[in-house]
Amino acid sequence: MTFVDEVKNAVTPRAALLVIGVLGLQLLFIASYVGALHKPKPTDVAFGVVAPQQMSQQLVSQLDGLPGGPLDPRAVSSEAEAREQIMNRDIDGALIVSPQGRTDTLLVASGGGTVLSSALERILTQVEAGQQRTVRTVDVAPASPDDFDGLSSFYLVVGWCVGGYLCASILAISAGTKPANRQRALIRTAVMAVYAVAGGIGGAVIIGPILSALPGSVWGLAGLGALVVFSVGMITLALEALTGIVGIGLAVLIIVIAGNPSAGGAFPLPMLPDFWRAIGPALPPGAGTWVARSIAYFGGNAVTGPLLVLSAWAVAGTALTLLLSMRRRGGRDDGSAGTVPPSAGGATAV
């Protein structure tokens, strides 16, 4: 047998296509992470301005015209209103202009990302210096001293996402990517639900009572974790049921390659390029990170939209998995392990 024949026998066309697909995922991984994170800069950061009426609009216009457009300023009626908007996550910071003295106050929320609050402090210090004024910074939602750079919530959600698609992948590899019938699909869904609850509680306990890395309600975080794990797991099961083993790669593409760098973890959303800023809130890592930070630092405010995003992924994944399981399939599920043809005793895939 020639060397070419050996290669043909050793590497099937299907295996070659899968390897090419993995190479594509690898290159997309590099492009996505480096593209999103290599040059962070604040752009259109929602920012409040509290100033005497005669200078408010002028100051808003000045901040809006800063080179590079780092701020999206708007007038706010009072300091109390500015604090409320920050806690509701409507704005990321605010400048309170003193009508008597020459020292103004910058309100920030490092719980939403210490990198962003530091960037706001740097920008406003330069602006104030140009007007012979000084600024003092007040952190209205400070990150925990045990939560370095506010990253704990992001790492927590990444762990939940990894658990979701790994559990779904194991179910596929061990018993066939496509469930044999609707009952088997229901079993997989139930397994994923139990796993999600365990993963959510476990993650919340580790990051809270055990490590004290993240404040906030343990049960609130546990509920979020269960939803994140279940949504990621079910969309992975749905993609596997739709495309076979390729579905695992598609889940990695959505969650890891697109979702993680756009989640606002390492750098908050206002510091990401437009593409990643646009897709981040619509993907499970971004929605989960936002809710985790809201639970930890913002009194659980502004979570309705992200929770609806996670719920939509969970419902879509569950519905698609169950619908696809009702299709009649003949023959063996390609790309699966654990399936046995009817002639070998009538066993079917789990």
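Over residues 330-350 of this predicted model, pLDDT (the predictor's confidence in each residue, from 0 to 100) stays under 50. The model has 35 contacts beyond four places in sequence for residues 330-350, where contact means heavy atoms within 4.5 Å. Where pLDDT is low, the predicted coordinates should not be read in detail. For the protein, the mean pLDDT is 90, and 91% of its residues reach 70 or more. Among the elements, helix 1 (residues 3-10) has the lowest mean pLDDT, 71, and helix 11 the highest, 98.

Residues are numbered from 1 along each chain as its sequence is written, and side-chain values use heavy atoms, with hydrogens and water left out. Local features need pLDDT of at least 70 and side-chain atom pairs count only at pLDDT 80 or more, while totals for chains, interfaces and linings use all residues.

**The sheet**

Helices (H or I, at least four residues) and strands (E, at least two) are DSSP runs, numbered from the N terminus. Five strands, in the order 2-1-3-4-5, make an open sheet of 5 strands with mixed pairing; two strands pair if DSSP finds at least two bridges between them. Strand 2 (71-75) and strand 5 stand at the edges with a single partner strand each, so one side of each is left without a neighbour in the sheet. On average, neighbouring strands are turned by 25 degrees against each other, direction ignored. Axes are lines fitted to C-alpha atoms, for helices over the stretch in contact, and angles run from 0 to 180 degrees between N-to-C directions.

Three of the pairings are listed here.

| Strands | Sense | Bridges | Facing residues |
|---|---|---|---|
| Strand 1 and strand 2 | parallel | 5 bridges | Phe47 and Pro73 |
| Strand 1 (residues 45-50) and strand 3 (residues 93-96) | parallel | 4 bridges | Val50 and Ile96 |
| Strand 4 (residues 103-108) and strand 5 (residues 134-139) | parallel | 6 bridges | Leu107 and Val138 |

From strand 4 the chain crosses through helix 5 (residues 114-130) to strand 5 in a right-handed β-α-β crossover. Right-handed means that, with the strands pointing away from the viewer, the path from the first strand over the helix to the second runs clockwise. Strand 1, helix 3 and strand 2 also make a right-handed β-α-β unit.

**Helices**

Helix 3 (residues 53-64) packs on the sheet and touches strand 1, strand 2 and strand 3. The direction of helix 3 makes about 170 degrees with that of strand 2.

The axes of helix 11 (residues 284-297) and helix 12 (residues 304-325) come within 9 Å and cross at roughly 145 degrees. In their contact, Pro284, Ala287, Gly288, Trp290 and Val291 of helix 11 meet Pro306, Leu307, Val309, Leu310 and Trp313 of helix 12. By class, this contact has 9 nonpolar, 1 polar and no charged residues. Ala, Val, Leu, Ile, Met, Phe, Trp, Tyr, Cys and Pro count as nonpolar, Asp, Glu, Lys and Arg as charged, and the others, Gly among them, as polar.
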